[in-house]
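Hi,

Here is the structure I promised to pass on. Have a look through it first, and my notes on the inside of the protein follow below.

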Amino acid sequence: MNHQMILSRAGGVLLLVLLALPGLAVAAAGQDTLAQTPPMGWNSWNHFGDHVTAADVRRAADALVASGMAAAGYRYVIIDDGWQGKRDANGVLHPNASFHDMRGLIAYVHSKGLKFGIYSSPGKTTCAGHTGSAGHEAEDAREFANWGVDYLKYDLCSFTQRLAGHSLSEQVALMKAAYEQMHRALVATGRPIVFSLCEYGWGKVWEWGAGVGGNLWRTTDDIRPDYESMWFNADSEQGLARWAGPGHWNDPDMLEIGNRGMDAPDMERSEMSLWALLAAPLIAGNDLAKMDAITRDVLTNREVIAVDQDPLGTQGHRVAQQGPLQLWMKPLADGTVAVGLFNTLGRPLDATLDFEALGLHGTVAGRDLWRRQDIGPVTSKRVFEVPATGVVLLELGTSKHR
Ligand code: GLA
């Protein structure tokens with residue numbers, strides 16, 4: 001028997017299995033269609049922290065629509081830690097007083113055409129000390145599904161105590177089992193629920209996150225609203241591109257755009273550009289009801305969002321660095337490339353972009369996505385002024401691609 005025959009026979013067997021189990025194939029396909037592009041939305045934590053109220057979440061949903069963010073693709077309204085009350089004698093977890101009408105709140109969010117996300121932990125307690133899902137995974141998953149939850153962020157928190165004294169490989173096995181358990185519980189509800197893994201990048205989660213049902217997984221510890229933290233989280237994604245793609249994404253954490261410390265327009269544009277180049281989830285973390293026009297403009301720039309949401313789903317990376325200048329690239333589905341020129345210095349710098357070195361031969365044309373201006377056609381080189389702690393974000397193609 002030659003190899004070709006072995007292959008075609010194997011193919012025949014696979015086809016038969018799929019035909020024989022159509023229900024299974026459909027269920028698997030249903031799960032697979034979640035998060036085909038990086039999830040977009042808003043999460044309460046970065047601005048409201050543990051003191052979030054149901055009224056804050058309603059206002060965020062209102063603002064998501066009123067600001068144009070919903071129309072630009074932000075769909076998930078996610079309450080992070082701080083919604084939980086106590087678990088009763090029957091094991092049912094109740095929301096705290098502010099979130100007493102969780103069904104009503106979720107129905108309200110849904111009525112605006114948005115999706116709803118919630119937060120829990122495989123530990124007994126969450127990071128802010130509230131009740132976690134340990135020992136109650138199936139009940140909690142069912143309750144979330146009954147409420148109408150569409151997205152779960154599952155945060156390791158006190159589960160770390162269970163890891164103490166174990167070898168690294170045992171720790172990874174324990175974390176995998178915990179995430180897999182909740183994933184199975186979510187699938188069993190029959191409701192499509194995006195599964196967001198939050199365990200700070202431990203044990204190289206990118207290597208096993210998709211295997212335990214994760215649609216996205218944090219790659220670092222928590223982001224802070226400052227420029228250095230933004231760079232630390234973006235840098236931590238170098239070398240991880242092969243683990244990202246439709247349905248499963250590396251997550252450098254929620255955006256700090258518009259929060260005090262990350263509210264300078266050029267820093268805001270830098271974070272939005274980096275996250276777009278990284279094909280990162282775009283989960284805003286600011287007070288949407290109070291953001292200024294520039295922050296709104298940064299968060300809703302459709303051409304930048306299109307880079308993030310590109311159907312190819314390839315995570316970009318840094319291709320060159322010269323002192324404070326960094327060059328990042330991301331290939332796009334239509335054959336063009338997104339190019340980010342970043343300047344980490346506190347004053348503007350001129351940067352010469354050598355198109356040939358980027359692999360763009362011949363006549364190059366494109367667009368400056370923040371200035372919203374067409375570029376070119378040009379050949380070989382062009383100088384760009386890059387703002388202080390800012391970015392020039394381009395989409396470029398040769399004549400063949402435009
Ligand atoms: C951890 C997570 C944060 C946030 C808090 C809530 O620190 O990494 O994103 O969810 O817990 O307590």
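**Cores and cavities**

Phe116 is a good place to start: leaving aside residues up to four places away in sequence, Phe116 touches Val57, Val77, Ile79, Met102, Leu105, Ile106, Val109, His110, Gly148, Val149, Asp150 and Tyr151. Keep in mind that this is a predicted model.

Phe116 also belongs to the largest nonpolar core, which has 88 residues; together with Trp83, Met102 and Met272, Phe116 touches the most other members. Helix H9 (residues 168-189) contributes the largest share of this core, seven residues. Why does the core lie between domain 1 (23-308) and domain 2 (317-396)? Because both domains give residues to it. Apart from this core there is another one, made of 20 residues, including Leu325, Met329, Val378 and Val386.

Now for the empty space. How many cavities of 30 Å³ or more does a search of the whole structure find? Two turn up.

- The largest cavity holds about 90 Å³ of space. Its lining includes Asn43, Tyr151, Lys153, Cys198 and Arg218, and strands E6 (151-155) and E7 (194-198) each supply at least two of the lining residues. By type, that lining divides into six nonpolar, two polar and four charged residues.
- The second largest cavity has a volume of about 40 Å³. Among the residues lining it are Trp42, Phe48, Arg59 and Asp287, and helix H4 (residues 54-66) gives the most, with three residues. Here the lining divides into five nonpolar, no polar and three charged residues.

Cheers

Definitions and conventions. Residues numbered from 1 in each chain as written. Predicted model: local features only at pLDDT ≥ 70, side-chain atom pairs only at ≥ 80, totals over all residues. Heavy atoms only, no water. Core = buried A, V, L, I, M, F, W, Y, C linked by side-chain atoms within 4.5 Å. Buried < 20%, exposed > 50% of the residue type's maximum accessible area, 1.4 Å probe, protein only. Helix = DSSP H or I, 4+ residues; strand = E, 2+ residues; numbered from the N terminus. Domains from an automatic or database assignment. Contact = heavy atoms within 4.5 Å. 1 Å grid on protein atoms, 1.4 Å probe; cavity = no way out; pocket = protein on both sides within 12 Å on 5 of 7 lines; lining within 4 Å. Points joined across faces, edges and corners; volume = space filled by probe spheres on them. Nonpolar A, V, L, I, M, F, W, Y, C, P; charged D, E, K, R; others polar.
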